[in-house]
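User: Please take a close look at one part of this model, the place where two helices pack against each other. I would also like to know about any enclosed empty space.

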Amino acid sequence: MAHIRVFKHYVHLPFLMLGLIDFSVLMASFYISTFFLFFTHAGLFFQYWDQVIYSAIFYTLLIQLIMVATGVYESQIEEGLSGMMLRSILSIILAIAMLSFFVYISGDTLWYFTKGQLSLASVIAIFSIGIFRALFFLFAHEGLFKRRVLVLGAGHRARNLATDLTAPLDRKGFDIVGYIAMSDEEIKVDKNLILTSPDNIQQYAEANNIEEIVVAVDDRRKTLPLDDLLNCKMMGINVIDGSSFYERESKKVPLEMIQPSWMIFSDGFNVGSFNAFIRRSFDVFASLLLLLVSWPLMLITMLCIKLEDGLRAPIIYSQERVGLNGRSFFVHKFRSMRTDAEKKGEAIWAQKNDTRVTRVGEFIRKVRIDELPQIFNVLVGDMSFVGPRPERPVFVNQLNENIPYYSERHRVKPGITGWAQLCFAYADSEEDSREKLQYDLYYIKNQSLLLDILILIQTVEVVLFKKGSR
């Protein structure tokens, strides 16, 4: 399988394997560096062995956490091995700085970190990670992690699978062997891939090493070859609905392919009271922690806004947005636009390179400082840390009329950051909102505390490397 589901979220298998390789290399590097330090005093190793174990695990997990936050594994797609290594080196440098500070405030009774040992471990890790990653990409060829897929259907739904799942080749987890057209079905896919309807799908699947059958027929009322599909299922060939296949491969929910019945019977969309309690507890804890860390930065931002626009200029910009269950609330941000940004009183879509943005506003928007006052929205319960971005009522009314299932994004609290913000650029049109809704529905369907934490960690990459746009 090219994807593994971890806590309801699909993880690309090559990335998971790279993570395990990096974990092993980092642990080994720490032990090797410690061995060199104890080389002349071998007895000390047994005296401090428990500290070495704790320290090695902490060192490794911290570096891998920062690697995820800086997008090391995702960067391979666009930046190649060199991009991965540059981000990995940055992650290790940040980890050493954090470890030094941590040891300073916690003491060295539990941990075994020294300046020379950390430096040696990190040098060994950088070279070793580079070598093992190069070997991995050399031997783990493109087809190794791909499944051979047979598609039942050749109409509009089948075409969506072929054209919409346009991930780069090294992330696309499947190869479509062919399509089996149903009777009287309008052909919308490459006719060269249409298979002459085999008399026995099971035999065809066995003969051609088919690993997965995707059911993507346009009209479910037509008779499906249920006996053949059942036999394939019992043989170990995965049989999956086209909508679920699309969701797994793209990490978004396809609006054109789903029906209310799919949303009702599919796994997910669980927003029960226990989950709500866990999420609320996490939001309060994270808000107080972030407020404790960020208040000096917030004071500096307030001063800069005053210096640019004058003492009478407002610092906070409050705007009505639509939240949980369609209830309106006011979201708070540091003002980043001119005070007359909507002087005609008409709601205007925010745009890339918006001329209404001030000089201070341009900077705080790039690094997301303008979002910090939303901490108070989270504390009072109007928002969550992670969720769909809240929209203005005038836009919500418009989008509800034109985009199916748009109102479903209000089943959860809106968030400061979210899955759509990581996967798609800032929405400045109705078409963009439609695309982002597909990612929001994926989040609502598969939400969990661990997915929230993953999104928060990966938001660091958005801030550091300007991934996407506002």
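Analyst: What follows describes a helix pair, then a cavity, then a single loop residue. The model is predicted.

Two packed helices are described by the angle between their axes and the distance between the axes. Here the pair is helix 11, residues 273–309, and helix 12, residues 359–366. Their axes come within 9 Å and cross at roughly 155°. Angles over 145 degrees count as roughly antiparallel, so helix 11 is roughly antiparallel to helix 12. On the side of helix 11, the residues that meet the partner are Thr-301, Cys-304, Ile-305 and Glu-308. Helix 12 contributes Arg-359, Val-360 and Ile-364. By class, the residues of this contact are 4 nonpolar, 1 polar and 2 charged.

Next comes the empty space. Rolling a probe the size of a water molecule over the atoms shows where such space is left. The count is 1 cavity of 30 Å³ or more, and the largest cavity has a volume of about 40 Å³. Its lining includes Val-322 and Gly-323, Pro-388, Arg-389 and Pro-390, and also Arg-409 and His-410. Val-412 and Pro-414 are lining residues too. Sorted by class, the lining has 5 nonpolar, 2 polar and 2 charged residues.

Last is Ile-194, in the loop between strand 4 (174–180) and helix 7 (201–207). Ile-194 has a relative accessible area of 26%, so Ile-194 is partly exposed. Beyond its neighbours within four places in sequence, Ile-194 is in contact with Ala-154, Tyr-179, Ile-187 and Val-189. Gly-153 is 41 residues from Ile-194 in sequence, and their C-alpha atoms are 9.4 Å apart in space.

Notes: Residues numbered from 1 in each chain as written. Predicted model: local features only at pLDDT ≥ 70, side-chain atom pairs only at ≥ 80, totals over all residues. Heavy atoms only, no water. 1 Å grid on protein atoms, 1.4 Å probe; cavity = no way out; pocket = protein on both sides within 12 Å on 5 of 7 lines; lining within 4 Å. Points joined across faces, edges and corners; volume = space filled by probe spheres on them. Nonpolar A, V, L, I, M, F, W, Y, C, P; charged D, E, K, R; others polar. Helix = DSSP H or I, 4+ residues; strand = E, 2+ residues; numbered from the N terminus. Buried < 20%, exposed > 50% of the residue type's maximum accessible area, 1.4 Å probe, protein only. Contact = heavy atoms within 4.5 Å. Axes fitted to C-alpha atoms, helices over the stretch in contact; angles between N-to-C directions. Parallel < 35°, antiparallel > 145°, perpendicular 65-115°, else oblique.
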